Amino acid sequence: MKLPFLSKAEEDDPYWDFFLNSPLSDDRNSVATALRNAPEGVVNPVTDDIHTPEVMSRHVKELASFLGADLVGVAKTDRPDYPFAVMCLTRAEHDPKQSPGIGGQLPAQRGLFATFIVSAWIRELGYQGTTKVEVNNDELAAKAGLGTLNTDGRLVTPRYGARVHVSGAILTDLPLQADA
Amino acid sequence: MAVTLDPETQRAPEERVPAATEFPTPYLGRTVRIVDQVENVDTNEMPHPKNSRGELGLALFNWYNNTVSSDPLERVSSHNHTADKRNVFNAMMSRTPKGNPNPRRVPVDDPAAMTRHIKRVAREFGADIVGIAQAHPSFLYKGSRYVENMEVGDSHELEGAQELCRKFPYLIVLPVAWNYEMSQAHRHHIGDASYHLSTQQIHSVIGSMIGYIQELGYNVIRGAANPQAVALASGVGELGRNGMIITKKYGARIHLQDTLMTDLPLVPGKPIDIGVEDFCNVCRKCAVTCPTNSISFEGKQVFNGVEKYKIKWLTCYKLRPYVHEHWGSCLTCVAVCPYTKPTSWWRDLAVSTLSHCPIPLRPALVHALKAIDDKFWGVVPQRRVRWMGYDTGIKPGEKACTISGCTADHGEAAKAAPGNVGYYYPLKENTNRFVKRA
C-alpha cells in the first residue's frame with residue numbers, strides 16, 4: 001500500500017542535490033539575482049490617503065504574507081529618513097548562504113519577491129519605500145518581535161527555529177505601528 | 001520507369017513521410033476534439049495585440065495603453081495600468097538580461113525521474129499544477145511567440161512548427177491557482193488583486209523554471225504554444241463552457257501563462273476526464289451570470305478545425321473600459337463555476353464520484369450536483385468578501401472611504417452595511433446597457 005506521507009520522493013530524486021547546491025553557470029539564470037539588481041521605481045508624486053498606522057500595519061502584513069512571506073513584522077528604526085522597517089521572513093530548510101544552487105537560493109528569492117511588490121506598493125501610495133539600504137536584517141527582525149538573536153547573531157524564531165531567512169528590510173516612512 | 005522526384009524533398013513521392021504519422025492527431029480529452037485541419041493561431045490576431053494596434057476602437061485602445069489605475073494594488077501588479085513600470089515585477093523581469101544554457105549538460109538517464117524532479121521543483125517555485133505534454137505542431141503559434149509585455153526573441157523563431165516539435169519535443173505549462181476566497185469577489189478590486197498578483201507569481205515561477213532548465217544545460221523556448229492546448233493534452237484539466245480550463249483540484253480558478261518548450265527529456269502526461277463534458281452539457285451557470293452574455297447557451301461549435309465551446313471574446317473584452325473604475329478583470333465565469341470550490345474533501349469526493357461514474361449515468365448525477373450547488377452557493381452567487389480594507393458589501397458609488405481603491409466603510413459607517421451580499425459592478429439591472437441578452 002502506498003501512503004502519500006511515506007513517499008520516498010527525496011530518496012528517489014537524483015537531481016535534488018544539483019537543485020540545491022550546484023553553483024550557477026550563468027548568474028542571469030537566477031530570478032533572485034534579477035530581483036537583487038532590479039532598479040526601484042519612483043515614489044508616486046500624488047500621496048494617497050492612508051488608514052491609521054494600526055490598519056496600515058495590518059494591510060502590509062496581509063499583503064506580504066499573501067505574496068509568500070512566512071513571517072512579517074514591523075520594527076522601528078533609529079533613522080530619521082526611514083522610521084520603520086517591514087521585515088519579511090521565509091522558511092529556509094537550507095541556508096541560502098551555504099547552498100548556492102537555484103533551490104538553495106529559493107527562500108531568498110521568495111522573500112525578495114514579497115519585498116519587491118510590497119515596497120513598490122508603498123511607493124505607489126506616495127511614501128518612501130526601499131529595499132536597497134544595507135541594514136542588519138537579523139537584528140531588525142529581532143527588534144520586530146519575530147524572534148531572538150543567538151550567540152552567532154542569527155535570528156531564531158519560535159515557529160521555525162533557526163531555519164529562517166531574512167531576505168531584506170523594506171525601509172519606509174509610511175506611518176506604521178511597530179510590533180513588540 | 002522514370003520516377004519524378006518531389007521538388008521539396010528530392011525523394012520519390014512514395015518515400016515522402018506523411019506528416020500525419022509523425023505527428024498523429026492529439027487526443028485532448030472528451031471536451032475538445034480535433035475534427036479537421038488546424039491552422040496555427042496567429043499571435044497578431046489575438047485580442048491584446050489587435051487592441052494595441054488600435055483595431056478595436058478608441059475606448060479599448062485608451063483603456064489598454066493610456067490608463068493608470070486608481071487602485072494602488074493594481075498599479076503595482078498590472079504592467080499596463082501602472083505609472084512606473086519599474087514598480088511592476090513582470091515588467092522588471094522583461095527588462096532583465098537573459099541567461100544562457102549551462103555548457104556542461106546534466107545527463108538524464110531516466111526521463112521519469114527527471115519528470116518527478118521537475119514537478120517537485122515547479123511546486124517549490126510556487127506552481128500549483130504542473131502539466132507536461134508531447135509537443136504537436138498544431139499547438140504552436142504561427143511564426144512568433146506570445147509573451148505579454150515581454151520582448152522575447154530566440155534563435156528558433158524562423159523554424160517551422162514541425163521542425164520545432166522535433167527539436168524540442170516537450171511542452172510544460174505551470175498554472176498557479178487563485179485564492180478561492182478572493183476570487184469569489186469577481187468584478188471587484190479584490191478579484192483583480194488575486195488575478196494580477198497571481199500573474200506576478202506565475203512570472204516568477206516561469207522565470208525560475210527557465211533559469212533552472214538552462215542551468216541543467218537544456219534549451220527553453222518561452223511562449224511558443226497555446227497554453228490551453230498544452231493544459232488539455234497534459235491532463236491539467238478539461239475545457240469548460242466558459243472557455244476556461246477546469247482542473248480536478250481547483251476548478252476554473254487557475255491562471256495559465258506562457259508555455260515552455262524544451263528538449264529536456266521528460267514523460268508527457270495524458271488528458272483527464274473529470275466529467276466537465278457532462279457537467280457543461282447541463283449547467284450553463286456561467287452563461288447565465290456572464291455580464292456581457294459572451295458565453296454560449298448552445299452546444300459546441302467547430303472553429304479552426306476544433307470542436308469545442310466557443311466564447312464571444314469581443315463582447316467580453318469590450319466591457320472593460322466602461323468598468324475600469326470598479327475592476328480590471330471580470331472572473332465571473334470562474335467564480336460561479338460549480339467546479340470552483342475551496343480545496344476540501346467534499347469537493348474531491350464530488351469530483352471523483354463524477355469521474356468514476358459510468359458515462360450514461362452521469363447526466364442524472366450532474367443534475368443532482370447542480371441542484372446542491374444552486375442550493376448552497378446560489379443560482380447567481382454574490383458573496384461578500386473583505387480583504388485588506390476592500391469590502392464588496394459596499395455598493396459601487398457608495399463608498400465611505402476616501403482612500404483611492406478602497407471600497408470599505410471604516411468604523412461607524414461599517415455598521416451601515418450589514419448582511420452577507422456582495423455587490424459586483426455592473427449590477428444586474430444595468431447589464432443590458434452593454435449587450436442585449438439573447
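This briefing describes the nonpolar cores, two unusual backbone angles and the cavities of a two-chain structure. The model is predicted, and every value below was computed from it. The largest nonpolar core holds 46 residues, and both chain A and chain B supply elements to this core.

**Nonpolar cores**

- Within the 46 residues of the largest nonpolar core, the members that touch the most other members are Leu63(A), Leu67(A) and Trp121(A), together with Leu73(B) and Trp387(B).
- From chain A, the elements that each supply at least two residues of this core are helix H3 (31-37), helix H4 (53-66), strand E1 (71-76), strand E2 (84-91) and helix H5 (106-124), while from chain B they are helix H4 (72-77), helix H5 (89-95) and helix H9 (189-215).
- H5(A) gives the most to this core, its contribution being 9 residues.
- Leu67(A), when residues up to four places away in sequence are not counted, touches Phe113(A), Ala114(A), Ile117(A) and Val118(A) in chain A, and also Leu197(B) and Gln201(B) in chain B.
- A second core, separate from the one just described, consists of 35 residues, and among them are Leu106(A), Ile132(B), Ile202(B) and Leu260(B).

**Residues with a positive phi**

- Arg284(B) is not a glycine, and yet its phi is positive, at about 65°.
- Arg284(B) is found in the loop of chain B that runs between helix H11 (276-282) and helix H12 (285-289), and it counts as partly exposed because its relative accessibility is 24%, which lies between the limits of 20% for buried and 50% for exposed.
- Asn304(B), likewise a residue other than glycine, has a positive phi near 55°.
- Asn304(B) has its place in the loop between strand E12 (301-303) and strand E13 (306-308) of chain B, and with a relative accessibility of 30% Asn304(B) also counts as partly exposed.

**Cavities**

- Rolling a probe the size of a water molecule over the atoms shows where empty space is left.
- In this structure, the count comes to 5 cavities of 30 Å³ or more, and the second largest cavity contains about 80 Å³ of space.
- The lining of the second largest cavity is made up of 13 residues, and those that lie nearest its centre are Cys280(B), Cys283(B), Cys286(B), Cys337(B) and Pro338(B).
- H11 and H12 of chain B are the elements that give two or more residues to this lining, and the loop that holds Arg284(B) lies between these two helices.
- By residue type, the lining of the second largest cavity divides into 9 nonpolar, 1 polar and 3 charged residues.

Terms used
Residues are numbered from 1 along each chain as its sequence is written. Chains are lettered from A and ligands numbered from 1 in the order in which they are written. This is a predicted model: local features need pLDDT of at least 70, side-chain atom pairs count only at pLDDT 80 or more; totals for chains, interfaces and linings use all residues. Side-chain values use heavy atoms; hydrogens and water are left out. A nonpolar core is a set of buried Ala, Val, Leu, Ile, Met, Phe, Trp, Tyr and Cys residues joined through side-chain atoms within 4.5 Å. Buried means under 20% relative accessible area, exposed over 50%, partly exposed in between (1.4 Å probe, protein chains only). Helices (H or I, at least four residues) and strands (E, at least two) are DSSP runs, numbered from the N terminus. Contact means heavy atoms within 4.5 Å. On a 1 Å grid over the protein atoms alone, a cavity is a set of points where a 1.4 Å probe fits but cannot get out, and a pocket is an open set with protein on both sides within 12 Å along at least five of seven lines; lining residues have an atom within 4 Å of a point. Grid points are joined across faces, edges and corners, and a volume is the space filled by probe spheres set on the points. Ala, Val, Leu, Ile, Met, Phe, Trp, Tyr, Cys and Pro count as nonpolar, Asp, Glu, Lys and Arg as charged, and the others, Gly among them, as polar.
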